[in-house]
Amino acid sequence: MGDILFLAHRVPFPPNRGDKIRSHHLLKKLATMGRVHVGSLAESDEDRAGKRDLEKVAASHCIVNRGKPLAIAGVEAVLSGKPVSLTAFRSAQLEKWVIETLATQPIDTIVIFSGQMGQYVPDSFAGRVIIDLCDVDSAKFENYAAAGERVWLNSREGRLLAREEERLGSRADATILISEAEAALYRERLSDLSQASVHAIGNGIDSSLFDPTKVQPHPELLGTKGPHFVFTGQMDYRPNEQAALWAIREFMPALRKAHPEAMFHVVGRSPTDALNAHDGAPGIRIWGEVSDVRPFIAGATCVLAPLLIARGVQNKVLEAMAMARPVLLTPHAATGIAAIDAEHWLVAEANAQQMVERFEVLTQADNAERIAKAARQFVLSHHAWDAMLSPLESLIGQSEGNSRDAA
């Protein structure tokens, strides 16, 4: 087996947000199978600092700063007839490095993480191409448009991304989605299914990191009145912002009628102005970026995930389950995780009163402890990263016996 070229739209270090967690573990798996050359884009000092960890894994690498303003990416998209999602991640420097690496290294497999990076695969490359789309992004933009959000822009983005997703499916030897449901959606949207080989590889969880026996609850949640609800995530990501705002405006007022001391903690980097405006309101705390989300999860009476639009598997849900905390979530947030309602978590539609009623289940008998313990056991049994990523070996054409640690 030759070398692997791995292209990711964000530096896979540190693994502290959903997409970077997945790309991080994907890269680590590939590094057990051969020499890996990594090309990526950096958006922050934190991303650039990840170079030190990347150098320990990669045979060679290229990290390019992504500083293109969205307005310029939008103009380029209109002029070129491409989706903004592609022009925003377009880099002549990274393209040049890819061409040089293919010319000078024994690359026989290119692994792409996220559809934005498929544009870097040359038409002339004759080796194997594996593309991890994660989610059907085009459907997400269509959902935004259907909800009345920037209708023209989101409709255009959804239409053009769907075209690119179909092109990538035809180009790749294997196309990976994050869940069977997402894979089925992708297949439904292809005009010629015979041209694509579609597979589902779910997200895993690092259960040794998210271990309730190793983490103390945050002092502001421990021993204070509650109940305490915690929502985690990248808070300028529209589905997360939308879910948190719904919880603030709809769920919390209904909940505090029965539980006047209830608190909702929004924990994650880059909260929007709309979220920050609610900080300090009765029962609301917007924490922003924290050094470690685990103490907040550990201190939660219940982890809340009321997503209204979601694609793929939610790391926030797996993390809470691994930390043995009860999770109250919508069906959208439950996608791709085969847990059972009332056994491993509690599922409710995005209806404030219905969600309050489901929470009351946790206040009865030993339900909270029972569900929390079952949640952790579920992720230990079904979502270990090694098990989730094992299909990569056959997709890339390497048997278990031939795998090795990268030098």
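This text walks through the backbone exceptions in the structure above. The structure is a predicted model, in which local features need pLDDT of at least 70, side-chain atom pairs count only at pLDDT 80 or more, and totals for chains, interfaces and linings use all residues. Residues are numbered from 1 along each chain as its sequence is written, and side-chain values use heavy atoms, with hydrogens and water left out.

Most peptide bonds are trans, and most residues other than glycine have a negative phi. The residues below depart from one or the other of these habits. Elements are named by DSSP runs numbered from the N terminus: helices are H or I runs of at least four residues, and strands are E runs of at least two.

Take the peptide bonds first. Phe13 and Pro14 are joined by a cis bond, with omega at about -15 degrees. Pro14 sits in the loop that runs between β1 (3–8) and α1 (18–31). Further along the chain, Gly226 and Pro227 are also linked by a cis peptide bond, here with omega of about 10 degrees. Pro227 belongs to the loop between β7 (198–200) and β8 (228–232).

Next come the phi angles. Ala324 is not a glycine, yet its phi is positive, at about 60 degrees. This residue is found in the loop between α13 (315–322) and β12 (327–329). Is Ala324 buried or exposed? Ala324 counts as buried because its relative accessibility is 14%, where buried means under 20% relative accessible area, exposed over 50% and partly exposed in between (1.4 Å probe, protein chains only).

Ala342, also not a glycine, has a positive phi of about 70 degrees. Its loop lies between α14 (331–334) and β13 (346–347). With a relative accessible area of 34%, Ala342 is partly exposed.
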